[in-house]
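Reader: Could you walk me through this structure at an easy pace? I would like to start with how you sort residues by exposure, and then go on to the sheet, the rings and the charges.

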Amino acid sequence: MRIIRSINLLRNELKAVRSKNQTIGFVPTMGAFHEGHFSLMRKARRDNDIVVVSVFVNPTQFGPHEDFKKYPRQIKIDELFAKKEKVDIIFYPSAEKMYQPGYLTYVNVTNISKVLCGRSRPNHFNGVATVVSKLINITEPDVMYLGQKDAQQAAIIKAMVKDLNFNVRIKICPIVREKNGLAMSSRNSYLSQKQRDEAPILYKSLVGAKNKILSGKTSSKSIINWIDSNIKDNSSGIVDYIECVNADTLDPITKIKGRIMIAIAVKFGKTRLIDNIVFHSR
Ligand code: AMP
């Protein structure tokens, strides 16, 4: 496995790969690997000749008061993990090379970047769409692997790839959870023991809501209220949002019908956790 920091060097390496008609699977990440990342790497490994994983804590997707500075960075440990998963190349660029002086260009996927997490993180998805566009142009992968954990991000990237005719297929992989249901996230390392014990209430509430819907409840409002009380009554979490949306368009729904997603964001202290569940209602 190689760690490549240079954009040009990576381009040359991958040009050689393509000239041999080998396929490239690409997993974009911000590092601090956990089982969620490994699941994407394993899928990419099974499907492709060459697996490229990028590790880049992208400054343009963090708000001014967010955790860019303290986001966990552990490239040496990540390197060992990635080697174990038989990754071929870690692309580990610097912010200075990705955003050179005079940088002007940003990608804005309208509408769906403004809902859900976009409300409390106004420029976040422009930063994500911009960096992912750059990473696609640099690696030119056959397939890019994303996690359902960041469902809105996945929907935005899918729309961007379609709208801008990027020549890449996208595979969305299921959410990997701790045994207690907590969705794995690099940010879970910020949680205190008490918060860690409380945080599984997110998934428990999503499953509880799904069961209510499958047994006949159809009002989004009453489902949202139930989740809200369940989280408030059983944890110190502060709800940012709870929404029932169409799973494909992310449009809010009032009467639950068809393939839906319930998405939530809850703050435990300064740590903001997100989770979601997608299913067919009746
Ligand atoms: P991140 O390093 O947090 O930017 O995540 C990199 C990729 O891993 C994204 O496509 C995430 O959606 C995905 N990912 C993060 N956590 C999980 C998880 N618990 N299960 C599945 N995929 C995940």
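Author: A residue is called buried when its relative accessible area is under 20%, exposed when that value is over 50%, and partly exposed in between. Please keep in mind throughout that this is a predicted model.

Reader: Okay, so by that rule, is Phe68 buried, exposed or partly exposed?

Author: Phe68 has a relative accessible area of 27%, so it counts as partly exposed. Phe62, by contrast, comes out at 10% and is therefore buried.

Reader: And how are the rings of Phe62 and Phe68 placed, in terms of their centres and planes?

Author: Their centres are 5.3 Å apart and their planes stand at 65°, so the pair is edge-to-face. Phe62 also forms an edge-to-face aromatic pair with Tyr71, with 6.0 Å from centre to centre and 75° between the planes. Both Phe62 and Tyr71 are buried.

Reader: Which residue lies over the face of Phe68?

Author: That is Arg73, which is placed 4.8 Å from the centre of the ring of Phe68.

Reader: How many aromatic pairs are there by this rule?

Author: The count comes to 7 aromatic pairs. There is also a cluster in which ring pairs link Phe56, Tyr99, Tyr103 and Tyr106. One member of that cluster, Tyr99, has the charged end of Lys134 sitting over its ring, at 5.5 Å from the centre.

Reader: Changing topic to the sheet, what is the order of its strands?

Author: The sheet is open and has 6 strands, which follow the order β1-β4-β3-β2-β5-β6 with parallel pairing. At the edges are β1, covering residues 2–4, and β6, covering residues 169–173, and each of these pairs on one side only. On average, and ignoring direction, neighbouring strands in this sheet are turned by 25° against each other.

Reader: Over how many bridges do β1 and β4 pair?

Author: They pair in the parallel sense over 3 bridges, with β4 made up of residues 89–91. Within that pairing, Arg2 stands opposite Ile89 of β4.

Reader: Which strands does helix α2 lie across?

Author: Helix α2, residues 35–47, lies across β2 (24–29), β3 (50–55), β5 (143–147) and β6, and it runs at about 155° to β5.

Reader: Now the charges, please: how many salt bridges does the structure hold?

Author: The structure holds 15 salt bridges. One of them joins the side chains of Arg177 and Asp275, with 2.9 Å from N to O. That pair links distant parts of the chain, with Arg177 in the loop between β6 and α8 (193–198) and Asp275 in strand β9 (residues 271–280), 98 residues apart.

Reader: Are Arg177 and Asp275 buried or exposed?

Author: Both of them are buried.

Reader: What about Lys194 and Glu198, how far apart are they in helix α8?

Author: They are 4 residues apart in helix α8, which means that about one helical turn separates them. Their side chains meet in a salt bridge of 3.1 Å, N to O. Lys194 has a relative accessible area of 53% and so is exposed, whereas Glu198 counts as buried because its relative accessibility is 14%.

Reader: And where do Arg259 and Asp248 lie?

Author: Arg259 lies in strand β8 and Asp248 in the loop between β7 (238–246) and β8, so their pair ties together parts that are 11 residues apart in sequence. The salt bridge between their side chains has 2.8 Å from N to O. Arg259 is partly exposed, with a relative accessible area of 36%, and Asp248 counts as exposed at 55% relative accessibility.

Reader: Which residues are joined into one network by salt bridges that share partners?

Author: Those are Glu35, Arg42 and Glu85.

Reader: One last residue, then: which strand does Phe268 lie in, and what are its residues?

Author: Phe268 lies in strand β8, which covers residues 259–268. With a relative accessible area of 0%, Phe268 is buried. Leaving aside residues up to four places away in sequence, Phe268 touches several others, including Leu191, Gln195, Glu198, Ser235 and Leu273. Glu198 in that list is also the salt-bridge partner of Lys194.

How values were computed
Residues are numbered from 1 along each chain as its sequence is written. This is a predicted model: local features need pLDDT of at least 70, side-chain atom pairs count only at pLDDT 80 or more; totals for chains, interfaces and linings use all residues. Side-chain values use heavy atoms; hydrogens and water are left out. Two strands pair if DSSP finds at least two bridges between them. Helices (H or I, at least four residues) and strands (E, at least two) are DSSP runs, numbered from the N terminus. Axes are lines fitted to C-alpha atoms, for helices over the stretch in contact, and angles run from 0 to 180 degrees between N-to-C directions. Contact means heavy atoms within 4.5 Å. Buried means under 20% relative accessible area, exposed over 50%, partly exposed in between (1.4 Å probe, protein chains only). Rings of Phe, Tyr and Trp (its six-membered ring) pair if their centres lie within 6.5 Å; planes under 30 degrees apart count as stacked, over 60 as edge-to-face and the rest as tilted. A charge sits over a ring if NZ of Lys or CZ of Arg is within 6 Å of the ring centre and within 35 degrees of the ring normal. A salt bridge is a side-chain nitrogen of Lys or Arg within 4 Å of a carboxyl oxygen of Asp or Glu.
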